[in-house]
Amino acid sequence: MKIALMDSGIGLLAAAAVVRRLRPDADLVLSSDPDSMPWGPRTPEDITALALDVARAAAAHRPDALIIACNTASVHALPALRAELEPALPVIGTVPAIKPAAAGGGSVAIWATPATTGSPYQRELIGDFGGSAEVTEVPCPGLADALEHGDEAGIDRAVAAAAALTPPDVRAVVLGCTHYELVATRIREAVQRPGRPLALHGSAGAVAAQALRRIGADPAPTAEPSGTLTVLRAGRPATLPEAALTYAEGRMLAGAAPVL
C-alpha cells in the first residue's frame with residue numbers, strides 16, 4: 001500500500017503522521033514545493049498550476065491514493081486535480097472541520113490564513129455547517145510561514161496575536177490550515193481559559209481515514225512498521241527539511257525507512 005500526500009510545504013506532516021499510525025506498513029510519498037510558498041495570496045489559476053505540478057510528481061510514484069493536505073489547494077485546485085487524476089488515482093481533499101466544531105453550538109473560532117479568512121469559500125462553509133454556533137473568523141498572518149521555517153519566536157508571536165483575536169468564551173477552535181496542527185498544543189495553551197474546556201478540530205485524522213476508506217483498507221495500527229518514506233521537493237528526491245524535525249510528527253516520520 002502506498003499513500004501520497006501533497007502540500008505547498010510541511011503542513012502535510014500532520015496527516016502523514018496519522019496515516020503512519022493507522023498503517024505503519026504503508027509506504028508514504030510526501031510531495032511539496034516550499035520555494036513557491038505561500039500559495040494563499042496567489043491567484044486561483046496559479047494555485048491550480050502549482051498544485052498540479054506537485055500532484056503529478058507524487059502520482060509518478062504510482063500511489064494508491066493522494067491526499068491534498070492543504071486547505072488552499074483543496075479550495076482552488078481540487079476539481080482540476082480530480083479531473084486529471086481520477087478515477088485511476090483517488091484524490092482526497094481537506095476541508096476545515098467546521099461541522100463537528102459547530103455541532104455543540106456556542107462560540108467557535110476558525111483560525112486560518114489571511115487569504116482564507118473571510119473568503120467566499122469559508123463563508124459558505126460557515127453558512128452550510130455553522131448551525132447555531134457563533135462563529136468568529138480569526139486571521140493568522142505569518143503563522144504558516146513561521147511553522148514552515150521552524151521559527152519559534154515567529155510562531156509565538158503569531159499564536160499570541162491570533163489568541164488575542166479569539167473570543168474569551170470560545171468553546172472550540174477549528175484549525176483551518178494544515179500547518180497549524182503541528183502546534184495544536186501551543187494553540188490550546190494560548191487560548192484555553194481556566195475552567196473552560198476547549199476543543200481543537202483539525203483535519204488530519206479525517207483525511208487519513210478517508211484515504212484508507214477510498215482504497216478499501218482498514219486501519220491496522222499493529223501492522224509491521226515496514227513502510228518507507230519518499231520525500232519530493234519540487235518533484236526532486238529530497239529528505240525531510242530540518243524544520244520538519246522540530247515537530248513530533250516530523251521526527252516520527254523520519255524514523256521510517258527512506259527510499260534511496
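These are my notebook entries on a predicted model of one protein chain.

**Entry 1: the whole chain**

I started with the overall picture. The protein chain has 10 helices and 11 strands. Its C-alpha atoms fill a box of roughly 50 × 35 × 35 Å along the principal axes. I then checked the radius of gyration: the chain has 17 Å, and a compact globule of 260 residues would come out near 18 Å, so the two agree. Of the 260 residues, 53% count as buried. I also looked at contacts with a separation of 6 or more, and 79% of them join residues 24 or more positions apart.

**Entry 2: helix H1**

Next I went to helix H1, residues 13-22. How many of its residues are buried? I found 8 of 10, so I noted H1 as mostly covered. The buried ones are Leu13, Ala14, Ala15, Ala16, Ala17, Val18, Val19 and Arg20. I was pleased to see an arginine, Arg20, listed among them. What do these residues pack against? My list has strands E1 (2-6), E2 (27-32), E3 and E9, along with helices H9 (204-214) and H10 (248-254).

**Entry 3: the nonpolar cores**

I keep in mind that nonpolar side chains tend to be buried together in soluble globular proteins. The largest nonpolar core here has 50 residues, and Trp111 and Tyr180 have the most contacts inside it. H1 gives the largest share of this core, 6 residues. Another core lies apart from it, with 23 residues, among them Ala4, Leu52, Ala55 and Leu66.

I then looked up tyrosine 180 on its own. Leaving out residues up to four places away in sequence, tyrosine 180 touches Trp111, Ala112, Thr113, Cys140, Leu143, Ala144, Leu147, Leu175 and Ile187. So its partners include Trp111, the other residue named for the most contacts in the core.

**Entry 4: a four-stranded sheet**

Which order do the strands take in the open sheet of 4? I read E6-E5-E7-E8, with parallel pairing. E6 and strand E8 (199-201) stand at the edges; each has a single partner strand, so one side of each is left without a neighbour in the sheet. Neighbouring strands are turned by 20° against each other on average, direction ignored.

I took a closer look at E5 (residues 107-112) and E6 (residues 134-139), which pair in the parallel sense over 6 bridges. Serine 107 has glutamate 134 in E6 as its bridge partner, and isoleucine 110 stands opposite glutamate 137 in E6. Helix H5 (residues 120-129) joins E5 and E6 in a right-handed β-α-β unit. H5 lies across both strands and runs at about 160° to E6.

**Entry 5: backbone oddities**

A reminder to myself: most residues other than glycine have a negative phi, and most peptide bonds are trans. I looked for exceptions.

Arginine 62 is not a glycine, yet has a positive phi of about 55°. I located arginine 62 in the loop between helix H2 (44-59) and strand E3 (65-68). Is arginine 62 buried or exposed? With a relative accessible area of 71%, against a cut-off of over 50%, arginine 62 is exposed.

Alanine 234 also has a positive phi of about 55° without being a glycine. Alanine 234 lies in the loop between strand E9 (228-233) and strand E10 (236-238). Its relative accessibility is 36%, so I put alanine 234 down as partly exposed.

Which peptide bond is cis? I noted the one from glutamate 86 to proline 87, with omega near 5°. Proline 87 is found in the loop between helix H3 (71-85) and strand E4 (91-92).

**Entry 6: glutamate 242**

My last stop was glutamate 242, in the loop between E10 and H10. Its relative accessible area is 70%, so glutamate 242 is exposed. I also looked up its distance to histidine 149: the two are 93 residues apart in sequence and 8.6 Å apart in space, C-alpha to C-alpha.

Conventions: Residues are numbered from 1 along each chain as its sequence is written. This is a predicted model: local features need pLDDT of at least 70, side-chain atom pairs count only at pLDDT 80 or more; totals for chains, interfaces and linings use all residues. Side-chain values use heavy atoms; hydrogens and water are left out. Helices (H or I, at least four residues) and strands (E, at least two) are DSSP runs, numbered from the N terminus. Buried means under 20% relative accessible area, exposed over 50%, partly exposed in between (1.4 Å probe, protein chains only). Contact means heavy atoms within 4.5 Å. Two strands pair if DSSP finds at least two bridges between them. A crossover is right-handed if, with the strands pointing away from the viewer, the path from the first strand over the helix to the second runs clockwise. Axes are lines fitted to C-alpha atoms, for helices over the stretch in contact, and angles run from 0 to 180 degrees between N-to-C directions. A nonpolar core is a set of buried Ala, Val, Leu, Ile, Met, Phe, Trp, Tyr and Cys residues joined through side-chain atoms within 4.5 Å. The radius of gyration is taken over C-alpha atoms; the globule rule is 2.2 Å times the number of residues to the power 0.38.
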